[in-house]
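Dear colleague,

I am handing over the structure below, together with some notes on what turned up when I went through it. Please read them with the sequence and the coordinates open beside you.

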Amino acid sequence: MTALDLSSDRPARRHSLALSIGLALVGLNVAVAILTLFCTPYDPLNASGGRLEAPSLLHWVGTDRLGRDYLTQIMIGARTALIVGTGAVAIGASIGVTLGILAAFATRLLDDVMAATLDILIAFPTLLLAMLVVAASDSASLWSAILALGLAISAIVARLTRILAKRVLRQDYIIASRTSGTSWPGVVVRHVLPNIWPTLSVNFALQFGLAVIAEASLSYLGLGAPPPNASWGRLLQEAQGTVYTAPVGAIAPGIALVALVIGMNLLADGLRDVGDPTRGRSR
Amino acid sequence: MFLCKSQHCRPRASRLPDERNPAILAYILRRFAILILSLLIAAVVLFVLLRLLPGDPANALLSVGADQQQIEAAREQVGSNLPLWEQFLRFVGSLARFDLGASFVSGKPVVEEIATRLTVTVPLALLGFALAIAIAVPLGILSAVKANRWYGAAISTVSQLGIAIPVFWVGILLVTVFAVNLRLFPSGGYPRRGWQNEGQVLYALALPVLTIGLVMAASLIRYIRSATQDVLGSDYLRTARALGASFSQALIRHGIRNGAVPIVSILGIELATTLLGAVVVERVFALPGLGSMLLLAIEQRDYPNVQGVLFISTLLVLLIGFAADLLQRVIDPRLRERATGAAT
């Protein structure tokens, strides 16, 4: 594959700085999230110090209004963010890619209808859609948020997949492949998906970051996962109430969140430059 | 003018409205049809979503332990005993008449409540929007023109950072700086008498507007930067320079109008996003706008309010899109001439 050869080319190497920083930031987040499965600095559910303590050697980021260690909560928040991002993108990708491929094969009329509907769905803001789905499910849970964000992402992915797949299907090698006896599903697996994957994966990384922000906004609004699950959005919402006495709490979770989202965006940039030879050269 | 009848030498005649009208009129009609169609689809989506909400809407009218007869009566009153298609027709009918019903909780007409709330949300969104444009246009152009200088690169980096930051956190940070540390502005709240007291309203809106303006400017800068780059690389700019125009003359005379075409539709989308993104900002600063009305309605399961807010916001979003598309045609004559061909 040409994409692989180019990864050692000059332009790609220059931009791999974005890729390395992105990988480092996301990797750190994953490492912390996995670590919290085995051990955390303090018990996340019970007080381990005084209320609203300032940062100290014992509590690096201080404690919240119930005396719980703040760093522990932020670390668990990293896990929540990863679950939401991964889950939402997985749902969005599976529904979106399927719909997009089907639309690319559909008759002209059906394709037009699908394209128009997708445009309207995309115009409908993700956060409102998510708020509705969360409100529609009986109790707010992590899964209803993930489902809602996944559905919103699927519309975007479907539109992108449709355009990309149609472009691939017009190529001569598709006709060649068909003539040599490959079935349509075979063509999709062997030619369409591998060709659209580089662009799709960049989009997935971007959507991951957006899903993390959207989930934080939902929990900030009180529509996210209920209390035992720490989420950066809810941490920030609680800390806002005590911002006059303990401003650090209103800053730290935000930094963690921005680090993860920027990491994902840089990863997307890096992937784009490595995966797309034309883009790397033109710079 | 009378001597030359060839295509190229009809200077003004072809620009007269009566000759141009059919195409642009057809476009407006077409675009209007799409607007109505989108509204219908939005109505279907709203209808389906609200049916998905748990429980019969009639429940809200009933007290605990109501008997079967009371339940039937309530269902009769709300209309939830009718077949689905009839419920849908009624729903669309009442939307078309802007009859959004009355709140389950307060009993007040939803339209009235929304009108009051809009006096907070619309100024908030528009002022934030104006601030964002005021920040983004000069900085975006600067970062494209001076891409090789350190500040050009700095502007793009900061705007990259800006899109990774959630709106509400920007709000919280601004509160930390301007309300907690500098004590310049209130950390939230809104004067009870609203616009009767303009000074206080503007004072209360200062930080929320700044929040929206900064976040929106960050994403806008990127679009304006790339639009400017397109203009800078264009043949017409080079031609203008070759004909003796100075760089800034060429940029102002030819660049702005050309660069504005893609930006207008982006601005439409951004304005719509801001209007709806106000939900979060209103929460940060405890403002009684449309967003907090929606949140409260969801918490209280006040379905008429939920439905009303969603319908009105969808309507606003679609209208903004409509206006942006028309504005694009006004700016760009090329799109106008092609107007009959392409719909969107």
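What share of the 344 residues in chain B is buried? Buried residues make up 42% of that chain, and please bear in mind throughout that this is a predicted model.

To stay with chain B for a moment, its secondary structure consists of 12 helices and zero strands. Its accessible surface comes to about 18400 Å², and carbon and sulfur atoms hold 63% of that area. Among the contacts in chain B with a separation of 6 or more, 72% are between residues 24 or more positions apart.

One helix pair in this chain may be worth a look on your screen. Helix α4 (residues 110-145) of chain B and helix α10 (residues 290-300) of chain B have axes that come within 8 Å and cross at roughly 135 degrees, and α4(B) and α10(B) are therefore oblique to each other. On the α4(B) side the contact is made by B:V110, B:E113, B:I114, B:R117, B:L118 and B:T121, while α10(B) contributes B:L290, B:G291, B:S292 and B:M293. Sorted by class, this contact of α4(B) with α10(B) has five nonpolar, three polar and two charged residues.

Turning to the interior, the largest nonpolar core has 143 residues, of which A:M131 and A:W232 touch the most other members. Helix α8 (residues 184-220) of chain A supplies the largest share of this core, with 16 residues. Apart from it lies another core, of five residues, including B:V231, B:A240, B:A250 and B:L251.

A:W232 is also one of the buried residues of α9(A), a group that includes A:R234 and A:E238. Eight of the 10 residues of helix α9 (residues 232-241) of chain A are buried, so this helix is largely enclosed by the rest of the structure. Not counting residues up to four places away in sequence, A:W232 touches, among others, A:N29, A:I74, A:A78, A:V212 and A:P253.

A:A78 appears again in the surroundings of A:V32, which is in contact with A:M75 and A:A78 once its neighbours within four places in sequence are left aside. A:V32 sits in helix α2 (residues 10-38) of chain A and is partly exposed, with a relative accessible area of 23%. From A:V32 to A:M131 the separation is 99 residues in sequence and 29 Å in space, C-alpha to C-alpha.

With best wishes

Methods. Residues numbered from 1 in each chain as written. Chains lettered and ligands numbered in written order. Predicted model: local features only at pLDDT ≥ 70, side-chain atom pairs only at ≥ 80, totals over all residues. Heavy atoms only, no water. Core = buried A, V, L, I, M, F, W, Y, C linked by side-chain atoms within 4.5 Å. Buried < 20%, exposed > 50% of the residue type's maximum accessible area, 1.4 Å probe, protein only. Helix = DSSP H or I, 4+ residues; strand = E, 2+ residues; numbered from the N terminus. Contact = heavy atoms within 4.5 Å. Axes fitted to C-alpha atoms, helices over the stretch in contact; angles between N-to-C directions. Parallel < 35°, antiparallel > 145°, perpendicular 65-115°, else oblique. Nonpolar A, V, L, I, M, F, W, Y, C, P; charged D, E, K, R; others polar. Areas by Shrake-Rupley, 256 points an atom, 1.4 Å probe, with all protein chains shown as cover.
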